[in-house]
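Reader: I have a predicted model open and want to check the labels people put on its packing. Can you walk me through them?

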Amino acid sequence: MSDVTETCPAELPNWCAQRHWSIFWILIVCSLAMVAGRVLTLGDQLPANAKPFFSANDRSRWATVRALGDRGTFELDQLLASDNGRQWDSIDKVRHVGADGQLHSYSSKPPLLPVLVTGQYQVLKWLTGWEIATDTFGVVRVLLMLINVIPWGLYLWFVARMVNSVPVRDWTRYYVLACAGFGTFLGPFVVTLNNHLPAAISVMIALYCVSEMIRKASVSWHYYFAAGLFSAFAVTNELPALSFFAAAGLIGLTRSWSKTMMGFLPAAALVGAAAVGTNWWAHGQLNPAYAQRHDGTPIANVAGEFSAALDQGKLPDEIRQQIPATLKFQRPTVEIGCWPSTPSRLRRWVVRDQIAASQLAIVTADNQNYELLNWENWYDYPGSYWLSSNDQKKSEVDLGQASIPLYTFHVLFGHHGIFSLTPIWLFSLAGMLALMGGAKMGGTYQMRWLGAISLAVSVVVIAFYLTRPTIDRNYGGFACSLRWLLWLAPLWLMSMLPVVDWLGGSRWGKVLCFTLLFLSALSAMYPANNPWVHPWLYEIWDLTGLPR
């Protein structure tokens, strides 16, 4: 078939559109059936009496759904103390003072997504009588179908709509949709309750709306509303998606100031209010729980030499007298603090009360001046997985990579590499540069804006994670890929269009495309039934003895 008939304009005749969508729906249905099958057989490979949870990450969210849906509270204490409480426990939890003035355990995950899932759980419970505590497999499978599988189909539908709006070869359209359905690490995360999949789906919908704003002379304000709603929801799931939200808002302003004011911003404000409101409901403050990982603000300074007494578990009177009256210590205990991010030059102690919920930290650098700090480290509690004293028990990746150059190599080309595990993203990088250079598709259609947004957002987000403190340079923890970057998939899929279209003009170009898709799909299929495992390349790397 010639390029003339293979390349259709943005506004397609009926017969051309039908031909495209026949192939699109074949790819979408095959991908949907694949992920739905995984969800419907979820847990079949687990040991007897196990729960259909694969990691601390999803257990943390499911525990919130159970506590909120069955008891109307975000507090996890009663749940964790129940008969099967250990099967719901997670290292992704925090402890802080609740509304009753007592210490309680909570999930460290932002509460908006679990609240939305809880609403669906309560409807399911009302319709069927199922309870997640006793009918765990049935409830989890149904909810994952609703919150992951159906949105996955919506995600692929928007990918198809966007590639169908660009004048490229039919082959190019089918290839990019196949990459979306089978060639990325988003697919494996359909079987688990997580924030990465909702973020990616939200970015895809918002990106399509932005594309329509630019492609057409005028679109309804509904496109602006949807762009604001979904780009903001992406931020509630992946905070670095704030960069994409800003770019989408800026484009909206350049296209229509009034529609951005009436559509984009009110929708974003609605999502923001929901995120802030649910966080306040859960934790009684605006700051998210995962941000509470550091000692708090100074409340007093005491001069003297108290290290020996503190090491023996005693609280000197000189220090006790400087504690504000609002912190009631009736029976204080003192323990040597061991927190990974505490600078090595500092000595640190934690003071807790055996009766009241009062806590504070004490630090010194010279054994002469002691600083008393408000308690704001919700991850530092007795038995916490994240304490330095647990380093011998932690997964190697959870210890963090101290070398930024080595971390950068593994993020890009090594055992968690963007390009080594998913080599189709090489087309995306080349495509971003081509688009910014003025590449034309169909001989006339340019998408400089897409190249600029994709490259700028990608660089900002990757640089953000490369420069995090050592403890956070952990490749996303125990997972099949660098999961923090999965929400960028829509940008990367669309950016590959000009390069794939160019390669599709030759036999060897198609061979290269097929080869990289095969390797990417192979990487994505390796953890198909459980994304909370190391990448296959990491397992091989482990055998080499090379630095990780």
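Reader: What makes H10 and H17 count as meeting?

Author: Contact takes heavy atoms within 4.5 Å. On that test Ser243, Phe244, Ala247 and Ile251 in H10 meet Trp449, Ile453, Val457 and Val461 in H17. Sort the residues of this contact and you get seven nonpolar, one polar and no charged.

Reader: Why are H10 and H17 called roughly antiparallel?

Author: Look at the angle: H10 (residues 242-255) and H17 (residues 448-466) pack at about 155°, their axes 9 Å apart. Anything over 145 degrees goes down as roughly antiparallel, so that is the label for H10 and H17. Their crossing is right-handed.

Reader: And why do H6 and H8 get called roughly parallel?

Author: Same routine. H6 (residues 136-164) and H8 (residues 196-215) pack at about 30°, with axes 9 Å apart. The cut-off for roughly parallel is under 35 degrees, so H6 and H8 earn the name. The crossing here is left-handed.

Reader: Which residues make up that contact of H6 with H8?

Author: On the H6 side they include Trp152, Tyr155 and Phe158, which face a group in H8 with Ala200, Ile201 and Met204 among them. The contact residues divide into 14 nonpolar, two polar and one charged.

Reader: What makes Tyr155 stand out in the largest nonpolar core?

Author: That core has 124 residues, and Tyr155 is one of the five that touch the most other members, along with Trp62, Tyr175, Met494 and Met496. H6 gives the most to this core, with 14 residues. Leaving out residues up to four places away in sequence, Tyr155 touches Ala180, Leu186, Ala200, Ile201, Met204, Ala489, Pro490 and Leu493.

Terms used. Residues are numbered from 1 along each chain as its sequence is written. This is a predicted model: local features need pLDDT of at least 70, side-chain atom pairs count only at pLDDT 80 or more; totals for chains, interfaces and linings use all residues. Side-chain values use heavy atoms; hydrogens and water are left out. Axes are lines fitted to C-alpha atoms, for helices over the stretch in contact, and angles run from 0 to 180 degrees between N-to-C directions. Helices (H or I, at least four residues) and strands (E, at least two) are DSSP runs, numbered from the N terminus. Angles under 35 degrees count as roughly parallel, over 145 as roughly antiparallel, 65 to 115 as roughly perpendicular and the rest as oblique. A crossing is left-handed if the near helix is turned anticlockwise from the far one by less than a right angle, and right-handed if clockwise. Ala, Val, Leu, Ile, Met, Phe, Trp, Tyr, Cys and Pro count as nonpolar, Asp, Glu, Lys and Arg as charged, and the others, Gly among them, as polar. A nonpolar core is a set of buried Ala, Val, Leu, Ile, Met, Phe, Trp, Tyr and Cys residues joined through side-chain atoms within 4.5 Å. Buried means under 20% relative accessible area, exposed over 50%, partly exposed in between (1.4 Å probe, protein chains only).
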